[in-house]
Amino acid sequence: MQTLQIKAISGHAGPVPGHDAQREDAGGVCKVIDVTTCIGCKACEVACVEWNGYPFHETTFDNTYQTMPDTRWNYYNLIRFNEHQFQDGSFGWLMRKDQCMHCVDPGCLRACPADGAIVQYTNGIVDFRQENCVGCEYCVTGCPFNIPKFNSETKKVFKCTLCSDRVNVGLEPACIKACPTGCLHFGTKTDMKELAENRARQLRNHTSHKNAGVYDPQGVGGTQVIYVLHDITNPEAYGGLPSNPRIPLLVRLWKGPLKWLGNLAMFGGVIGVVLHYLRYGPKELDKQAEQQK
Amino acid sequence: MTNGWIDIKNTDMMLIMGGNPAECHPCGFKWPIEAKRQRNAKMIVVDPRFTRTAATADMFLQIRAGADIAFLGGFIKYALDNNRINKEYLVHFTNAPFIIKQGFKLPEDGLYSGFDAATQAYDKSTWNYEEGANVTGKPAAADSAATLSAKGAAQGRGGEGQGDQAQGPVGAKAIDSRTPATLPAKVAYDLSLEHPRCVYQLLKKHYSRYTPEMVARITGIPKDDFLKAAELFTSIRKDGDLKKAGTIIYAVGWTQHSFGTQIIRTAAMLQLMLGNVGRAGGGVNALRGHSNIQGATDMAGVFDILPGYLKMPNVADVDLSTYLKRTTPTTSKPSEWDSLNYWSNTPKFAVSFLKAMYGDSATKANDFAFHYLPKIDRKYSWAEIWDDMYRGIVKGLVTFGMNGVMIGPNSQKNIEALKKADWLVVGEIYPDETSEFWKSPGITPEMMKDIKTVVYRLPCAGFAEKDGTFVNSARWLQWKDIALPPPGQAKVDQEILARVFLKVRELYKKEGGKFPDPILNTAWNYTDPQNPSLAEVAKEINGRALADIADTKTGETIRAGQQLPAFAWLRDDGSTLCGNWLYSGSWTEAGAMIRRRGTEDPSGLGIYPNWAWSWPANRRVLYNRASCDVSGKPWDPERRQVWWNDTQQRWVGNDVPDIKVDSPPKDHMGPFIMNAEGVGRIFGPLAAFADGPFPEFYEPIESPITNPLHPNQSTNPVVKKFDSAIDKYGTTDQGFNIVCTTYRLTEHYHYWTKNNPMNVELVPEPFVEMPVELANEMGLKGGEKVKVSSARGHYIAKAMVTRRIKPMIVDGKTTYQIGIPIHWGYRGIQEDRGKTALNPANLLSPAVIDPNAYTPEFKGFLVKLERV
Amino acid sequence: MSETAPADEGIVRYTFRERVMHWLTGFTYLYVLISGLAFYTPHLYWLAAILGGGPTARFWHPWIGVIFTIAIEWMRQTWRHQMRITETDRHWNRAVRKYIENRDDEVPPSDRFNAGQKQFYWVMLVSTIFLLISGIVMWFPELVPWSLRSVRSVAVVVHEIAALVTIGAFIIHVYMGLFVVPEGFKAIVRGYVSPQWARMHHRLWFNRVTSRE
């Protein structure tokens, strides 16, 4: 992707090169995951692994249909299965595709200290550029969804790229292409938000899911990946989707006020000692020696 | 399927039962999802466990495995009691108004009239229509009391009690059982449906016993839940609504029982009553379990048919005309109605088939070489083959892409059978359990020395390395090209078969033998006889003219050597050749219809008439004349499949009309053109079914309870239970009190994906799904090993403790069900790593088969569980 | 470390071992300071370039930090007795303003280390403990379970605040040593000071050391 299509860069001093380029983006790209029509078939898991050229792993049985307990540096998306009793007494087997949410206000980018290791394009995709990554794992701390995963061999962090390479040439992400039931949709945020809201409304009006809604958490400014859930009041039931994700307070503090206070303190300290020297100068030995005598 | 995959999006109501399409047909499941999204269609899922399909359903009911007929029978009763039927459809498009002859008895005691305990078979002559005419409005003839009820019949036999099934009711003795009974040409019928012996009244009486209480008792589904489901499914006909359409979708959850055929029958009857067959978004829809299993059955990969579902000749068919007389139905209907009876063209299909088989050697003079065809003298189904091998009758087996040991049933029997065989040829793409049966767990090196079977392993081509056609559940023939050639020495199937055949023919030529003629005279006129091009074979299957033929009505002619455009051109005089009449039209002079990929769908009904080619004659929805009322107007003008065009005086539509195109509605030609009656069969007469004209609920052969409907005849009386030394059956007295079912996962496909790292990553190890309550009782935690035993063998795997299978109350007793995915054996990635117990799931299943389709009872047998 | 008698060039202030210890601590601190500053603010990220690049700096920062911790521990073992806060120090603290204004004659006498130096020692020691613990959490955040994830961000904040505290102390320490206190730098490099210096700045120590001659 070209430089002018970047709207935020991690660890970067000064403005982003393309910051004042005018662009029609309708809110950027958006992937809708309609959990109510997901059948947990894992075509998306496999498509992602194959598109990114990763190998298949050895896994072990864990009393669930879920392929593995968590995403990995080379396994970007994972269907989380959860047997759940809804409030109205009905039973559900919830299947949620878990991957990077591509937040509008990404915690990973905020936390990252390495210049250019994480970029956010004008289309909203948040991409890791491993050549600039220093492997400090600040992004792991900054993400409210526990997404970035560290490769201990190469000391780089990886996550879903929303197939930025495919999107760049006008293709849909690999997972979208593979989904057999059309549970995944791709388009502009504006269009997809409307599609998702319509679907949620349809669920509320025509099915037993009166609490259906769209998950587009404003605590991170909204996300380029949104869910339609049967029960928007209980996202945690869907394999631990955070109800109100925000960049952790301490991360915001550390990257915000604390930074300026610290800079001020250090700068102030240096100024302080310069002023002291100008005012008082060094301690003079000779005077004392003379006095002693 | 009577309908198609894409057509499912047109439905308003889906009953998905005996199938788990979200799991096993994820791509096809797109269409039920579309129906929900686009039409707010409702989905009811009924299954022994809460499946991936259930996760998207509007209503889920957990049913005891094998209790499906009770459930569907309950639906039929509900529909009848609450007038949730399409009356006009029922009267005019089914045999509901037909009168059944006297002497027929319903099976209140579990047996229909005509059962012979000695032969364990039925004399079906009473299962027949009464000869006659329109008796609507006329009072019913005075029937003798004895024929109206089982009780009456018992009294008529001099009070021998209900236990004696040997004799039929009064009047049965008068039937001459030597000549096979036939359907009467003219059938008595009552359009008011009030005659006590009309099919409708008998139907009502038969299912009157399937009350919600009885359904709850048998299925384990609480009565209120059952009623909610019945209300929902039949709501499409509430208050006289005839517009809505409902579909029933099923797979091997229905077929893999000793009464599987009758389960499907019950669903078909329900759909006929609701008027759903022939309509967009309706139908009776089987989801086939393999990419080309539809093709396999169409091309007669089963012993009792010839390609195109022609009947297999038997030893009584002494010549072609006898065979044709036996297998060509004559119409049987109300005389005022019309019936196309398309099977009346059997002679054309059969002779064209013989010409395809034997070419110039088949002539009018030699009965078109009919005597070359093998004649069956008994059943030779899958389970019979293995039983014969076990008994030493079958000496050798050639198996292509078919893992007999893993399939079972009763896998140990199959392994023992292979030990006794002289030779085994396995065509596969990797070493499998069958080709390594001699290494199966439990066989020591000493025992291996005693195994004399010679095993030949032929490396074959995988599906991407072959061209040809796949025929999907929607009956679409789709040609595929080779993606990459087979590796190394692997060969395509047709080359292997051709070379074997030609070598055998050579040997016959050289050495002679018993009746070499069929081998020597088989037509084999391919450009490369050692490796016939499948395009040539496909063209042969489509058929061509062998002489110039003309259509006398239109004047159209087809030259000798030209491909036939349709099966309507087939002749019985030897002037046409056709490998499978159903596929005629698939490869015409215009080219390979099966290669087409036209994406136009002008009607929006998902018909896509120019995408590939579906049999028959590119019709996408079968029996589509029934999508209109008697006058030829569609039941729902917004989903018009076909309709009668009065100006043109023909049937037209978005789909190809499945009726004689110029037969006006006033002639009352029945939409079910493949039935002799022309109408759908609510009542399956005579030899239509081995076990009864109406489905009756019978327990699986291994069942936790006695059949509450008739405890003295708990199971299907005509079901075949193999009884060799290695065929054992378990009862609750022996401690087998848990109901077991077997099934498949999305992430694996039968027995070969255990060799693929991708699938193995997604689901690495075998497991047994069991209820939390059962696990707690046994002190078992998820991931701990459990041993499942049936009377035949045992299976060890890790427990998956889940809330998706709940305990049930069946006939007042708490009953547990467990489920086992079948995908692991003793050879594969994890198996070779020592990560599994190396046992196939089908060590557990019983060799018991459905008497109509011969499918084994892989689901719904008894086991017990122990910790390991 | 024992106090030493005067040498020909002056009084031995710091032994060879003490000086090695100090400079080990100092240089490792400089490394973690510079690399830490690079990661602290994008405006100083360029500092990483002179340390071998981002990934290299990130790799070595925790290891050098561990060496720094070991050096601090060595320092603690060496000087802990001499760094105890006494009544003398409390007197000194009350007169610290005079010390800042260079009115050293009015400042109460100090022992080997004056109160300011002792405070520097304790600030660094305590901060190092916080830096070490929070540093380990930041080194392996994936070992912290998701349910305790707030520990990760707490660690970062603790690490930064502790670092800033050490930076403040460090600025004063370097300023004092290089610019304010003559012979201070010579002391920690060459190891000895003039008797006048000793008498002026650390009278009590001077008296004790010279009385042993």
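## A tour of chain A and its two interfaces

Three bridges join E1(A) to strand E5 (residues 118–121) of chain A, and the two strands run antiparallel. Start there. Keep in mind that this is a predicted model.

**Stop 1: the sheet in chain A**

Select A:Ile6 and A:Tyr121: the two are bridge partners, with A:Tyr121 lying in E5(A). Now add E6(A) to the view. Three strands form an open sheet in the order E1-E5-E6, with antiparallel pairing. Which strands stand at the edges? Strand E1 (6–9) and strand E6 (126–128) of chain A do; each has a single partner strand, so one side of each is left without a neighbour in the sheet. Look along the sheet for its twist. On average, neighbouring strands are turned by 30° against each other, direction ignored. Strands of a sheet pair through backbone hydrogen bonds, either parallel or antiparallel.

**Stop 2: chain A against chain B**

Show both chains. Here 38 residues of chain A are in contact with 44 residues of chain B. Together the two chains bury about 3,300 Å², and 54% of that is on carbon and sulfur atoms.

Next, pick out the charged pairs. There are four salt bridges between chain A and chain B. Zoom in on B:Arg833 and A:Glu58, whose side chains meet in a salt bridge (3.6 Å, N to O). The count of residue pairs in polar contact between these chains is 22 (both at pLDDT 80 or more).

Colour the chain A side by element. Helix H1 (43–51), strand E3 (78–85), strand E4 (91–98) and helix H6 (189–206) of chain A each give two or more residues to the side that touches chain B. By class, that side has 14 nonpolar, 18 polar and six charged residues.

**Stop 3: chain C against chain A**

Hide chain B and bring in chain C. This contact takes 44 residues from chain C and 48 residues from chain A. The pair buries about 4,000 Å², 66% of it on carbon and sulfur atoms. Select C:Tyr40, C:Trp146 and C:Tyr175. In chain C, these lose the most area to chain A, together 15% of what that side buries.

How many salt bridges cross this interface? The rule finds two. Find A:Lys283 and C:Asp104: their side chains meet in a salt bridge (3.2 Å, N to O). Across the same chains, 16 residue pairs are in polar contact (both at pLDDT 80 or more).

Finish on the helices of chain C. Those giving two or more residues to the side that touches chain A include helix H1 (16–40), helix H3 (54–79) and helix H7 (150–180). H7(C) gives the most, with 13 residues. The chain C side that touches chain A divides into 26 nonpolar, eight polar and 10 charged residues.

Terms used: Residues numbered from 1 in each chain as written. Chains lettered and ligands numbered in written order. Predicted model: local features only at pLDDT ≥ 70, side-chain atom pairs only at ≥ 80, totals over all residues. Heavy atoms only, no water. Contact = heavy atoms within 4.5 Å. Buried area = accessible area lost by both parts, 1.4 Å probe. Polar contact = N/O pair within 3.5 Å; in protein donor to acceptor, adjacent residues only side chain to side chain. Helix = DSSP H or I, 4+ residues; strand = E, 2+ residues; numbered from the N terminus. Nonpolar A, V, L, I, M, F, W, Y, C, P; charged D, E, K, R; others polar. Pairing = 2+ DSSP bridges. Axes fitted to C-alpha atoms, helices over the stretch in contact; angles between N-to-C directions.
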